[in-house]
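Q: Could you walk me through the labels given to a model like this one, and set each value against its rule?

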Amino acid sequence: MYKSLEDSLKTAAQQDVAHKINTLGSRGDTAAEETLAGIVAAAQSHIGDLLEMHESNMVSTKDIQRKKQLADEQFARRFGEVIEKHNKANYVSG
């Protein structure tokens, strides 16, 4: 009878320890999942910010290129003859 009681107490104690381990493991898993979810959310937000910044930089670059092209065209119209002489190395009419 004492042996049965001893075995029963050991089994109950082992089950209690197993339950505590399971509970701690579940809490750890939940905490890890929440942490990873937070990291992923922050990373995605940061990537979104970078993409938006890239888009605005590309719009600025396109606008700068458009303005440069207009300035180059205006310069070519104004100084085209000089540029042509320069390219031909023909400054003196002869």
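A: Happily, and let us begin with the salt bridges: the count comes to six, where a salt bridge is a side-chain nitrogen of Lys or Arg within 4 Å of a carboxyl oxygen of Asp or Glu. Please keep in mind that this is a predicted model, in which local features need pLDDT of at least 70, side-chain atom pairs count only at pLDDT 80 or more, and totals for chains, interfaces and linings use all residues. Residues are numbered from 1 along each chain as its sequence is written, and side-chain values use heavy atoms, with hydrogens and water left out.

Q: What makes K20 and D16 a salt bridge?
A: The closest N and O atoms of K20 and D16 are 3.3 Å apart, and the rule asks for a distance within 4 Å, so the pair qualifies. Both residues lie in helix 1 (residues 2-88), four residues apart, about one turn of the helix. Helices here are DSSP runs of H or I with at least four residues, strands are runs of E with at least two, and numbering starts from the N terminus.

Q: Why is D16 called partly exposed?
A: Its relative accessibility is 37%. Buried means under 20% relative accessible area and exposed means over 50%, with partly exposed in between (1.4 Å probe, protein chains only), so D16 falls in the middle class.

Q: How do you know that D63 and R66 meet in a salt bridge?
A: Their side chains come to 2.9 Å, N to O. D63 and R66 are three residues apart in helix 1, which means about one helical turn between them. D63 has 30% relative accessibility and counts as partly exposed; R66, at 44%, is also partly exposed.

Q: What makes D72 and K68 a salt bridge, and which exposure class does each get?
A: The closest N and O atoms of D72 and K68 are 2.6 Å apart. Both sit in helix 1, four residues apart, about one turn of the helix. D72 has a relative accessible area of 40% and is partly exposed, whereas K68 reaches 51% and counts as exposed. Salt bridges that share partners also join D63, R66 and K67 into one network.

Q: Why is the aromatic pair called tilted?
A: A search of the whole structure finds one aromatic pair. The ring centres of F75 and F79 are 4.9 Å apart and their planes stand at 45°, so the pair is tilted. The rule pairs rings of Phe, Tyr and Trp (its six-membered ring) if their centres lie within 6.5 Å; planes under 30 degrees apart count as stacked, over 60 as edge-to-face and the rest as tilted. F75 and F79 both lie in helix 1, four residues apart. F75 is partly exposed at 47%, and F79 is partly exposed at 32%.

Q: How do you know that the protein is more spread out than a compact globule?
A: The secondary structure comes to one helix and zero strands. The radius of gyration is 39 Å, well over the 12 Å that the globule rule gives for 94 residues, so the protein is more spread out than a compact globule. That radius is taken over C-alpha atoms, and the globule rule is 2.2 Å times the number of residues to the power 0.38. Along the principal axes, the C-alpha atoms fill a box of roughly 130 × 20 × 5 Å. Of the 94 residues, 0% count as buried.
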